[in-house]
Every structure is written in structure tokens, then in C-alpha cells.
Amino acid sequence: MMDDGFDRMEKTCTNCGKEFVTPCGDWAFKKYKGRGYQYFCSWKCIRAWEKEHEKPARKIDEREKIIQALSDGLSVKEVSVLLNVDASKVSYWKKRMVRENV
Ligand SMILES: [Zn+2]
């Protein structure tokens with residue numbers, strides 16, 4: 001359902017559970033999640049909720065996997081195939097590992 005009118009809406013904050021009224025139908029601290037929006041009473045609450053519930057970005061995940069595999073002694077090509085990432089990306093992290101002496 002689209003809330004595109006200008007009626008005030010009563011919402012419950014996803015983070016702290018406080019009930020609040022949005023100034024107009026279209027404006028609110030909200031995040032799209034699954035089948036609909038989640039509403040938040042303040043920017044502070046949206047950030048707090050994100051910190052608690054959002055998974056770390058995939059990029060960080062991938063970088064850690066690359067470094068882990070390289071530490072295990074796999075070659076750039078093996079890591080590239082294993083993790084399905086570009087070989088240039090793997091060699092970039094390998095170079096960084098050498099430089100930083102990880
Ligand atoms: Zn709140």
C-alpha cells in the first residue's frame with residue numbers, strides 16, 4: 001500500500017516502540033524492509049536500529065574471506081575461483097597483506 005497522501009499517520013517506532021504522528025503522509029524516518037516500511041520516531045532511532053540489525057556490507061565480508069584464504073596459503077588464482085571474485089581484486093589484497101605484513 002502506498003502512503004502518498006498528506007494525511008497525518010500514527011506510527012509506532014520500530015526501535016523504541018514509541019507511538020508518534022508523522023507530519024504528513026510522505027514524510028517519516030522510514031526504511032523499506034521486506035513487504036513494507038518500518039517507521040522510526042527519530043534519526044537517532046533509525047541509526048540505533050541499523051547498528052543493531054543491519055549486517056555488515058558484503059564488501060567487507062568478501063575482503064575478509066579473501067584475506068583469510070590467502071592466509072591459508074591459497075594462490076591468487078585459487079582464491080579467485082573459490083570465492084568467485086576477480087583475480088585482480090585478490091592480488092590487490094595479497095599485495096596489501098605483504099606490505100602490511102599481516
Ligand atoms: Zn524511537
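Q68 is found in helix α2, where helices (H or I, at least four residues) and strands (E, at least two) are DSSP runs, numbered from the N terminus. With 12 C-beta neighbours inside 10 Å, Q68 counts as exposed. Here is how that label works: a residue is buried if 20 or more other C-beta atoms lie within 10 Å of its own, exposed if 12 or fewer, and partly exposed in between, with C-beta atoms placed from the backbone. Q68 and V79 sit 11 residues apart along the chain, and their C-alpha atoms are separated by 9.6 Å.

A word on what you're looking at. This is a predicted model, in which local features need pLDDT of at least 70, side-chain atom pairs count only at pLDDT 80 or more, and totals for chains, interfaces and linings use all residues. Residues are numbered from 1 along each chain as its sequence is written. As for pLDDT, that is the predictor's confidence in each residue, from 0 to 100. The protein's mean pLDDT is 80, and 77% of its residues reach 70 or more. Confidence is lowest in β3, at a mean of 74, and highest in α3, at 94.

Now the overall layout. There are four helices and four strands in the protein, and reading along the sequence gives you β-β-β-β-α-α-α-α. Of the 102 residues, 14% count as buried. Two residues are in contact if their C-beta atoms, placed from the backbone, lie within 7 Å. Among the contacts with a separation of 6 or more, 28% come from residues 24 or more positions apart.

Let's take the strands in order. β1 (residues 9–12) and β2 (residues 19–22) pair in the antiparallel sense over four bridges; two strands pair if DSSP finds at least two bridges between them. They form a hairpin with six residues between them, and G17 in the turn has a positive phi of about 80 degrees. M9 lies in β1 and stands opposite T22 in β2. Those two are 13 residues apart along the chain, yet their C-alpha atoms are separated by 5.5 Å. M9 is partly exposed, because it has 16 other C-beta atoms within 10 Å.

The other pair is β3 (residues 29–33) and β4 (residues 36–40), which also run antiparallel, over five bridges. Two residues lie between these strands in their hairpin, and there G34 takes a positive phi near 60 degrees.

Here are the opposite partners, side by side:

| Residue | Stands opposite | Strand of the partner |
|---|---|---|
| M9 | T22 | β2 |
| T12 | E19 | β2 |
| K33 | G36 | β4 |

On to the helices. What are the six residues of the largest nonpolar core? They are I66, A69, L70, V79, V90 and W93. A nonpolar core, by the way, is a set of buried Ala, Val, Leu, Ile, Met, Phe, Trp, Tyr and Cys residues joined through C-beta atoms within 7 Å. The elements giving two or more residues to this core are α2 (58–71) and α4 (87–100). Of these, α2 gives the most, with three residues. There's also a second, separate core of five residues, including F29, F40, C41 and I46.

W93 deserves its own stop on the tour. You'll find W93 in helix α4. Is W93 buried or exposed? W93 is buried, because 21 other C-beta atoms lie within 10 Å. Leaving out residues up to four places away in sequence, W93 touches R63, I66, I67 and L70. W93 and I67 are 26 residues apart along the chain, while their C-alpha atoms are separated by 6.8 Å.

Last stop: N84, in the loop between α3 (76–83) and α4. Most residues other than glycine have a negative phi. Phi of N84, though, is near 55 degrees, a positive value in a residue other than glycine. N84 counts as exposed, because it has 7 C-beta neighbours inside 10 Å.
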